[in-house]
Amino acid sequence: MRKVILKGLLARKLRLALTAVSISLGVAFVTGTFVLGDTMTATFDQLYEGLTEGTDVTVRGESAFTDTTTLGATKPFDADVLPTVQDVDGVAAAAGSVTGYALILDKDGEPVQPGGAPTLGASYTTDPALAGGFTLRDGAAPTGPQDVVLDAATAKAHGFVPGDPVTILLTDGPRDFTVTGIAGFGDADNLAGATIATFDLATAQDALGRTGVYDTIAVRGESGVDADELRDRVAAALPDGLEAVTSAEVVAESSAAVADALGFFTTGLLGFAAISLLVGALIIWNTFSILVAQRTRELALLRAVGASRRQVRFSVVAEAFVIGLVSAALGLGLGLGVAAGLRAALAVVGIEVPTTTLQVEPRTIAAALLVGVVVTVLAALLPARQATRVAPVAALRAVDAPARPVGRTRIAAGALLTVLGAAGLAAAMVEEGRLGLAAVAMLLTLAGVLTLAPPIATVVTRLIGAPLARLGGTTAQLARRNALRSPRRTANTATALMIGLALVSTVTVVASSMKASVADVIADSSRADFILKGAGQASPGLPPQLAAELRGVDGVGTVSEMRFASAQVDGATTFVSAVDPATAETAADLEVTSGSVADLGSGSVLVSDKVAQAKGWTVGDTVPITYAQTGEQSLTVVGTYANTALLGSDYVTDLAVHDANGGTALDVAVLVVAADGADLDDVRAGLETVVDAYPVAQLDDEASFTESQAQTIDQLLAIVTMLLALAVIIALLGIVNTLALSVFERTRELGLLRAVGMTRRQVRAVVRWEAVIVAVLGALLGAVLGLAFGAALTRGLAGEGLSVLAIPGGRLALYVLFAALAGVLAAIGPARRAARVDVLHAVAAA
Amino acid sequence: MSAPSTTTALGASIEDPTAAASTVDAVKSYGSGEAEVRALNGVTVAFDRGRFTAIMGPSGSGKSTLLHCLAGLDTLTSGDVRLGGRSLTGLGEKQLTLLRRDRMGFVFQAFNLLPTLTAAENIQLPLDLAGRPVDREWFETVVRAVGLQDRLDHTPAQLSGGQQQRVAAARALVTRPEIVFADEPTGALDSRSGADLLAFLRRAVDEFGQTIVMVTHDPVAASHADRVVFLADGRIVDELAAPTTETVLDAMKRLGS
């Protein structure tokens, strides 16, 4: 039996390769995701260990939770704590430090803004033992208010050497310094991509807004003092609100935070990988079904000469096993490339992953092999069962069995699922906010359409085949008949493409709705003439000094800034916006439904209608909001508002509450309203002179702001589409595979056609038309499903700011057109093969 | 190339302007050197217009090879094949295909029809491929002649073997070809269906003036022809005019096959 299997495999090398590729691409995606995730984790772990080297215990403010908007910053504490800590028995050395926002400007005045990583300002640790991996590579330590030490990566990239002047943007505006030294972190030039400017302690405290306070105190114990023991001793001496943690704890915490963030990221990527694998599995299933059908006579002969059902089944499953193994091995290799590709793709949108050697863990190899083999074998199980049903007498039958019809039970079940799903989708489209219903309805519809695929394929193929047959004449007609002769095969091939296209279309509908909604929100609720935001995706915000300077520009009526913090309400993380109550309503319409924005002050909050209704809060109620640095705050509701889309949060406080609770000291947006009668061009010119000193800020009017938001959404759409493209490519490979198998099976027919006068060109056209029909079938079904899915999702997300449903009809039509063109490409190989059929051989074999 | 002026082994002149198809010194060999096998070893033969000719011979005599070369499905190693006055030698693959489509008809032993097309569509296939309009009157004449009026909407799977071969025969005639090639057309049929098909081919010659060349190993089938050409070892070895089953059998015995 083993010989039969191996010979069978070797006789069909090309088919084996095509089949293997459909799975190996999915495996590559899984591998790539794991490799990238592991590499990132390893990089960060290394960094944190290097950073805390030499420090045994860290003193810091207590946090309720880790706030990602402030990079987990803790509440600064009074510098007086330092002597107390130094006096603790067993402490050899202790030094306070501060960290904050500092954006280095390069020699052209452009911001050195790494994608995704923070731009840090910090105090220079003079005790080398407490500095961790941070070491001076060139020049001298900072000693005066003009001195700064830059990280080696920034210095290298922008040509800074000791003695150079440098401008650094701080929260209180730009300040000029002189570079006194360049520092590295162990072997690395920077910390996980972050830029770091270090000042002497007093300068840092002043520049970073930390006068008289520290963010942390690093403690080193005398030799022989255990870190845990030292922590307990230090902790006992600390005032309330401060804690002491060992370096091991800090590293563990940081690693956990990174793993958390990466977990979200890798789960998302694995989702895309799963889609690719699903599509791959469909292809494998289809391929094996066709192979079993084509080998009916061979299998029957095996049975006739004494092979048992088990042996026949084994022969099919074993073939799948080998293909799975080969695919997995291929995928593993490709996965390294995918990891590099994903890293490059992330860099494009500003998420830079530090470069280290790619980490290939044993778990990755095991997962790749397992996924490749299990998916392939599972997909081959049904065809294998079909193979065991081949009766030995089939070997003697001259005529091939006709295509199995689709069972009534299957049609009934498929119809039921489809109807239920469609009804659910319709309901989700009618009523806003039914996201759960939309999700369930999507799954039901997809399952229903997959179950019903063969009859649907028959009907739709007739429909799209008819105009094509008129367009393409006899060859298109023959192609249409060919597509119709085995509805299962056509359906399976097309549904693989359908899944990919449905997802791409869904995302496209949601994205264009997002764009339309953003434009709508800006048009409806912004009263600002100009909007300033951080330039680029990665910018954390604008120094507040900018808003202060804008107020002085001639013709400016109102300047209103907005900030953003994360907080917890009832244990769930949420966002809290902060505005200036005096100016907010001049610049934007929050659509206040009760109370008023002007009532905002210390100890009060505005709550969105949605949340107020859900929690039963009204004006006058007290709401518990937990901030990371300050813990639970009881805030009184002074108003409710409907427009959550503008701010993107369900809670609004005034700026003072935000600052007091440790919110980021950067403005996420600054709205500018011109004074009555002021010439907008003049105002813009005035604003630009201020903004020139803040290259991190982007000045927009309403139209250009909407446009730049749309660009951001398009960028995200492009990435998601790229991730889904793999599934589409696999589906196209499926078309190649099915066509190749069909051509092989129709050798005699092709020979006959050639004998009675079909030209090679016509033969190629027949194959090409069939590919186009299958591709358009899949794309059309996918676009229709995606349209419905996207519409249901958009309506479901109406409460999250997706107020407008926009149907990108032209774009969806373009997808179908692309699919048709891709069909033509997919047909090239099989068509060439079909045209090469040896007429004499084909007719003589009769 | 000079006009054919040689004579057959039997002395009959083949320099005949009425010949629908002819070969001159046709040689087809496979392999080379000592392994060379000559399927055709100098065949010169002409097939008259409006006549039904059977080619007979034992297995391996080269009769199918001769038919394939006449039909442009295979090429000669040397010698010439002519269709009407035109030499097929040197024609490109595409030209041969168009010749087959427009000027020849085919009936094979089996698998003559496309399973996806109805009987009517199968009959019209060569016309559709050429983009030529269907001559309704002629189409109906042919269909009536093969007795398929009631079966036009049937797919091949719904037709018996005999009916399928008659559909194939109708397809071969529908383009009004200069010549119809039939390769063991009754080989896979029972004697009754075979007789029906042969009767139809006979009528096509008698009533429509069709030229037919048929390869067969069945003396009964050959007896329907006007003339039988016998091949052995790639050469023409005998010829019979107005054959009957008996005379064919006698000739075969003489040839020791």
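This report walks through a predicted model, starting with chain A as a whole, then one of its sheets, then the contact with chain B.

## Chain A at a glance

Let's start with the overall build. The C-alpha trace of chain A covers about 100 × 70 × 50 Å along its principal axes. The chain holds 25 helices and 24 strands. Of its 846 residues, 51% are buried. Take the contacts in chain A with a separation of 6 or more, and 85% of them link residues 24 or more positions apart.

## How the domains are cut

The domain assignment splits chain A into four pieces, and two of them are made from two segments each. Domain 1 combines 1–54 with 245–396, while domain 2 takes 55–244. Further along, domain 3 is built from 453–524 and 709–846, and domain 4 runs over 530–700. As for spacing, the C-alpha centres of domain 1 and domain 4 of chain A are 48 Å apart.

## A four-stranded sheet in chain A

One open sheet in chain A is worth a look: four strands in the order 3-13-1-14, with antiparallel pairing. Strand 3 (91–97) and strand 14 (242–246) of chain A sit at the edges, each pairing on one side only. From one strand to the next, the twist averages 20°.

In the middle of that order, strand 1 (residues 57–61) and strand 13 (residues 216–221) of chain A pair antiparallel over four bridges. If you want a residue to zoom in on, Val57(A) stands opposite Val219(A) of strand 13 of chain A.

## Helices across the sheet

Two helices of chain A lie across strands of this sheet. Helix 6 (residues 227–237) of chain A crosses strand 1, strand 13 and strand 14 of chain A, and runs at about 175° to strand 14 of chain A. Helix 7 (residues 247–294) of chain A lies across strand 1 and strand 14 of chain A, this time at about 90° to strand 14 of chain A.

## Where chain B meets chain A

Now for the partner chain. On the chain B side, 25 residues are in contact with 20 residues of chain A. Helix 2 (93–103) and helix 3 (119–130) of chain B are the elements that give two or more residues to the side of chain B touching chain A. Helix 2 of chain B provides the largest share of that side, with six residues.

What is the chemical mix of the residues on the side of chain B that touches chain A? They divide into 13 nonpolar, six polar and six charged.

Definitions and conventions
Residues are numbered from 1 along each chain as its sequence is written. Chains are lettered from A and ligands numbered from 1 in the order in which they are written. This is a predicted model: local features need pLDDT of at least 70, side-chain atom pairs count only at pLDDT 80 or more; totals for chains, interfaces and linings use all residues. Domain bounds come from an automatic or database domain assignment. A residue is buried if 20 or more other C-beta atoms lie within 10 Å of its own, exposed if 12 or fewer, and partly exposed in between; C-beta atoms are placed from the backbone. Two residues are in contact if their C-beta atoms, placed from the backbone, lie within 7 Å. Ala, Val, Leu, Ile, Met, Phe, Trp, Tyr, Cys and Pro count as nonpolar, Asp, Glu, Lys and Arg as charged, and the others, Gly among them, as polar. Two strands pair if DSSP finds at least two bridges between them. Axes are lines fitted to C-alpha atoms, for helices over the stretch in contact, and angles run from 0 to 180 degrees between N-to-C directions.
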